[in-house]
Amino acid sequence: MTSSTDSMRARLKQAYGSSANAPSSPEAELERIVVEHAGLVRKVARRFVRASGGAVDMDDLTSVGMMGLIDAHRRYDPAGGRSFEVYAEFRVRGAIVDEMRRLDPMSQPMRRKARSMGRHKDQLS
């Protein structure tokens, strides 16, 4: 290498810092978020699996929850006043609920009517 190349490298390193101090790429930041909050996604998915009585697969809900986490990372605004964890849990839960509704063969109004009928039947018994 020539001395001009070395001096240019030195100037660039000084101006932008070494690679260890360089800002992380968006992909690296996303990977860090996913690894850091994977437990949150599993916790939320586990709650839905228990509530469904095992009718849905834990892995499927975890995958959907991870997509919700990625969406939360993309949409998070720190000026909103909430911590990322609170916002992420809200988005993960919403993604899982949306998926469960999509997979449900009954529409929401039909589901409400069925619950109402069940409550009335219990009251009559």
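G68 is found in helix α3, and that residue makes a good doorway into this predicted model. The protein chain is built from five helices and zero strands, so its pattern along the sequence reads α-α-α-α-α. Of the 125 residues in the protein chain, 22% are buried. Let's walk through the helices, a few of their residues and then the largest pocket.

**Starting at G68**

- G68 has a relative accessible area of 4%, which means that G68 is buried, since the cut-off for buried is under 20%.
- In sequence, G68 and A95 are 27 residues apart, yet their C-alpha atoms are 5.3 Å apart in space.
- Leaving aside residues up to four places away in sequence, G68 touches R91, V92 and A95.
- Links between distant parts of the sequence also show up across the protein chain: among contacts with a separation of 6 or more, 56% are accounted for by residues 24 or more positions apart.

**The rest of helix α3**

- Helix α3 covers residues 58-75 and has 18 residues.
- From its first C-alpha to its last, α3 reaches 25 Å, close to the 26 Å expected at 1.5 Å a residue.
- The buried residues of α3 are L61, T62, V64, G65, M66, G68, L69, D71 and A72.
- Helices α2 and α4 are included in what covers those buried residues of α3.
- S63 is also found in α3, but S63 counts as partly exposed because its relative accessibility is 46%, which lies between the 20% and 50% cut-offs.
- S63 and V41 are 22 residues apart in sequence, and 8.8 Å separates them in space, C-alpha to C-alpha.

**Helix α2 and its bend**

- Helix α2 runs over residues 26-51, which makes 26 residues.
- At 1.5 Å a residue, α2 should span 38 Å, and its end C-alpha atoms are 35 Å apart, so the two values agree.
- Where does α2 bend, and by how much? The bend is at H37, by about 50 degrees.
- H37 has a relative accessibility of 5%, and therefore counts as buried.
- Not counting residues up to four places away in sequence, H37 touches L69, F84 and E85.
- H37 has company, as the buried residues of α2 are I33, H37, A38, L40, V41, V44, A45, F48 and V49.
- In an α-helix there are 3.6 residues a turn, so residues three or four places apart point the same way.
- What covers the buried residues of α2 includes α3 and α4.
- After α2 comes G53, which has a positive phi, near 70 degrees.

**E89 in helix α4**

- Helix α4 spans residues 84-103, and E89 has its place in this helix.
- Is E89 buried or exposed? E89 counts as buried because its relative accessibility is 18%, and the cut-off for buried is under 20%.
- The residues that E89 touches are L40, K43, V44 and R47, once residues up to four places away in sequence are set aside.
- Two of these contacts, L40 and V44, are themselves buried residues of α2.

**The largest pocket**

- About 320 Å³ of space lies in the largest pocket.
- Which residues line the largest pocket? Its lining is made of S52, A55, V56, M100, R101, L103, D104, Q108, R111, R112 and R115.
- By kind, these lining residues divide into four nonpolar, two polar and five charged.
- Helices α4 and α5 (108-124) each supply at least two residues of the lining.
- Which helix gives the most to the lining of the largest pocket? That is α5, with four residues.

Methods: Residues numbered from 1 in each chain as written. Predicted model: local features only at pLDDT ≥ 70, side-chain atom pairs only at ≥ 80, totals over all residues. Heavy atoms only, no water. Expected span 1.5 Å × (residues − 1). Bend = angle between axes of the 7 residues up to and from the residue. Buried < 20%, exposed > 50% of the residue type's maximum accessible area, 1.4 Å probe, protein only. Contact = heavy atoms within 4.5 Å. 1 Å grid on protein atoms, 1.4 Å probe; cavity = no way out; pocket = protein on both sides within 12 Å on 5 of 7 lines; lining within 4 Å. Points joined across faces, edges and corners; volume = space filled by probe spheres on them. Nonpolar A, V, L, I, M, F, W, Y, C, P; charged D, E, K, R; others polar.
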